[in-house]
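Please load the model in the viewer and keep the sequence panel open beside it. The tour below proceeds by selection, with a note on what is found at each stop.

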Amino acid sequence: MAEVAVFGAQLLIEIIKPLLSSLSLEEDVKDGITSMKRWLDSMKGYMEEQSSGLERGKWLENKVEQVRDIAYDIEDVLDEFVLHSPPYTFHNRQFIRQIHTVAHTVYHGFPIRGISEKIAKIKTSIDDMRSQHAFLSTGLSSPRPSSSSTNMVRSHPPVSPLLLDDEIVGYEKEKKIFTDQLVDGEKRLVALAVAGPAGSGKTAFVKNIFCKRGIMGRFDCHAWVHVSQHFEAEELFVNMLKQFCYSRKEPYPIDDGTNTQTKLHKYLTGKRFIVVLDDIWSQNHWDVIKGGFPNAFHGSRIIVTTRSSNVASVCASSIRHVHILNCLEWLQALTLFYRKAFPDNDGQCPPELKGCSERIVKRCEGLPLAIVAVGGALARKRKLPSVWEKFHDSLGCEIASDPNLSAISNALLLGYMDLSTNLKSCFLYFSIFPEDYSVERGRLIRLWVAEQFAVGINFQTAEEVAEGYLDELIQRNLVHVSNYDFDGTPRNCRVLNPVLNFVTHKCKYENFASIFPTENTSRNQKIRRLSVRNDCTHLPRNIDFSGVRSMFLLSLVETSTSNFEKVLRELKLTRVLDFQGAPISKFPKDITHLTLLRHLNFRGTKIKSIPSSIKKLSYLETLDLKQTDVKELPKEICHLHNLRHLMAYKRNVESYVVFDSVQGVKIHKGIGKLTDLQALSLVKVGKKVKILEELKLLTKLRKLGLTGIRRGYGNELSASIEHKPLLTTLDLCSDTEEEILELGEMGKPPLKLQRLHLKGRLNQLPTWISSLDNLLRIGLKWSKMQYSPLQALQRLPNLIELELVDCYIGGELIFEASSFKKLKILLIEDFSELHTIVIRNGAMPDLKQISLHKCPMVTISPLGMNNLAKVEELILRDMAQEFIARLRMNGEDRAMVARIPLIHSFTSRIGHQYSWSFENLSDSSSH
């Protein structure tokens, strides 16, 4: 539907309302804006009503397209108001500011007057639509069957029969645990929940266990009901009660004047029942339904399937009763595909189709529904490599158009329709990125804020709102987490390939994003977001790019400079330019004409400098220069008063992290004016101690990184940090490896700090560190302290990761009993004098990974290593050969590490820089 476009225009009106009220607008312009707002409000109601139906005719699609185009026109007009209105001034003197305002009015006066003509044109389009279709003028839906209740069951695609058979493979471990929990003899009422993304086989998984005689026969009665997104509770209870009665060959209870829920509760009292509630969508649904079941001690079981991990955790009796179905493993996926694609050949794949089959299965990413649907479609095709290769190459289009594959789209469509409008925008955003492309979590959040999908509300920042949106999409199993950070938060995300095919098709229909070189774009199409990928070196000349809001260059090998600059010159209303990793070596000068730009990402490019004209980007919120060659920022950067994220540093790590492996950037005075900054790293302080004084003004900082800190700056540094109550990440580095990093005492340390990195010599560890109860990670590098830091750190209640690199010059490290209760990751590196590591019984009970690097005097295994019951990995780099020998299969210390599944040793090869020899010390029987 066009609701994403309508919502975007609505939101923009609310955001720029203060600006519009401050302008001296003519009456017809004010009336036009009021009329547009009223129409958008009516369209929102209409779109919400229409989105509940999953099928619509061609006539409606055409009208929806008109609504979308008008909404985009409204958004363009509103953005032009912002573009041609006086921006946030970057002049400090009042006289110069007044001159600038006058000059701006003269220059932009004509465009603002011209906007009224565009508003009149939009009003005409709205009036034409109203006259043609009266229901569109009021927001009422097209005629549809009447309903006696607004809560009646609404139409939904039937559950796909593709997976409702006995052929489902995989999930063997989960099946056994699930079955055991059904028949384990526990007398209380137990609820089990099965969660997973659309197409993961939740229903089939439960059906294959539920329908077995050995399960059903253990219960007095049974029922299976499909809940759906929109259900009528009374109807659901009637259905359940009928099934329970039928399973016992008993008549339906006579009417005694009570409601059906009470009848159901009464009927089940004293009975041992089992019921499946298939496809529950929300906690509210569960709260309504569970009241129908008596909570007695007869060994009854409730089984819930849901797409939401949050809903599963609410429904289940305990966390151990939650069963997550993600994706099939490779061999299981291949077996299932062969069964479906080659039913006449006993599931055996011909040799000539094996390579193509494996590539097709890989694109299904282990989702059973996708595998079965694709396998079934191919079963009806000729068994020729050319036919199957063609199918593979057009798999995304096939899913959208082939009726045999419609089950995949239908399953995903239900989840999409259940999203709020802003969540739909966030979900569709993944279409911008190529297949198998994982997006860094912070990048995604900053992009959504720049796109204004997420805005600050109450006490939440826009970034926190966007983070909530991402968490919601993950919990709904629509977005897949590629990998997690050390503390369990998602680090990179993407959507699985079958989901990406759906999203890409939806995006094309919604005109949400255009992809080149694959996009077949018409000349008159309003391109909103432009994703340029892979081998696309030229963009079409006949396309109008003036309305593009976002432009991405992704996975490009090269670009045509002239073509690229031409497109940049055409842009005028752009909010996002994301060139991460693009083959760009020079800052394009035309960018600074994009007044409305909010997000500028050059991460991983080869640009070397930023022009002073960047001060024109008065709305800029994010400037990402990580991993570029920029070493100094222009003084004009301090005019960007809306800047929230400024990241500029380069990391050069070949093997070990050395002191100067991370380079920061120089900045000029005035940084204290950027009071909206939330992230600032990595600033090279050097001689400019006054920068530390200016940092006191940046009270909204959550992430701060400073390098080049000289001796004697301790008081200024501590005072600056004290003024950061929201700080969660702090990275401090001295000017040289031998320089003392002075950190004085603080009366009010940043108690919300979660990540702390201190690099440089320390006389002693500041006492305030022991008070950081929220600290999750600490890194002490090149501290060279005379006393062990473990005493000060061991009681930190939430510490998960501890990195110690050349931070102590003593010979013993002792981890006391009951210390580091939550520590999971430990690194000890470059301790030249260390010879003994002692781990007392009860220390580090949750430790999962230990890394020992470059500790030449350590020749025996850490004493008490065998007390660490949960360690899964032991990583060794450049440890003494005597130490390695004692850990081998027949070595003296083998018993100390025998229970660790993975033990890997790496040794630098002499004369071969950054080359390693590898030895696997793991027990082969543990694999």
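**Salt bridges and other stops**

Begin by selecting Glu250, which is partly exposed because its relative accessible area is 30%. The model in view is a predicted one. Add Arg248 to the selection: Arg248 forms a salt bridge with Glu250, and the closest N and O atoms lie 3.2 Å apart. Arg248 is likewise partly exposed, its relative accessible area being 31%.

Next, select Glu621 together with Arg598. These two residues form a salt bridge in which the closest N and O atoms are 3.1 Å apart. Glu621 sits in the loop between β13 (599-601) and β14 (622-624), and Arg598 in the loop between β12 (576-578) and β13, so the bridge ties together parts that are 23 residues apart in sequence. Are Glu621 and Arg598 buried or exposed? Both are buried.

A network can be displayed at the following stop. Select Glu75, Asp76, Asp79, Arg528, Arg549 and Arg575, which are joined into one network by salt bridges that share partners.

Now move to Arg320 and Glu186. Their salt bridge has its closest N and O atoms 3.6 Å apart. This pair links distant parts of the chain, 134 residues apart: Arg320 lies in the loop between α13 (309-315) and β5 (322-324), and Glu186 in the loop between α7 (172-182) and β1 (190-195). Arg320 is partly exposed, with 48% relative accessible area. Over the whole structure, a search finds 53 salt bridges.

**Surface charge**

Select Glu26, Glu27, Asp28 and Asp31, which gather on the surface in a patch of negative charge. Asp31 belongs to helix α3 (residues 27-51). With a relative accessibility of 45%, Asp31 counts as partly exposed.

**A contact across the sequence**

Select Ser228, located in the loop between β2 (221-226) and α10 (233-247). Its relative accessibility is 4%, and Ser228 therefore counts as buried, the limit being under 20%. Then add Ile280: the C-alpha atoms of Ser228 and Ile280 are separated by 6.4 Å, although the two residues are 52 apart along the chain.

**Cysteines**

Finish with two cysteines. Which of the two descriptions, buried or partly exposed, applies to Cys211? Cys211 is partly exposed, at 41% relative accessible area. Cys507, by contrast, is buried, with a relative accessible area of 1%. With a cut-off of 2.5 Å between cysteine sulfur atoms, the count of disulfides comes to 0.

Technical notes. Residues are numbered from 1 along each chain as its sequence is written. This is a predicted model: local features need pLDDT of at least 70, side-chain atom pairs count only at pLDDT 80 or more; totals for chains, interfaces and linings use all residues. Side-chain values use heavy atoms; hydrogens and water are left out. Patches are made of residues with over 30% relative accessible area and no salt bridge: like charges are joined within 9 Å, nonpolar side chains (Val, Leu, Ile, Met, Phe, Trp, Tyr) within 5 Å. Accessible areas come from the Shrake-Rupley method with a 1.4 Å probe; for residues, only the protein chains shown count as cover. A salt bridge is a side-chain nitrogen of Lys or Arg within 4 Å of a carboxyl oxygen of Asp or Glu. Lys and Arg count as positive and Asp and Glu as negative; His and the chain ends are not counted. The place of a charge is taken as NZ of Lys, CZ of Arg, CG of Asp or CD of Glu. Helices (H or I, at least four residues) and strands (E, at least two) are DSSP runs, numbered from the N terminus. Buried means under 20% relative accessible area, exposed over 50%, partly exposed in between (1.4 Å probe, protein chains only).
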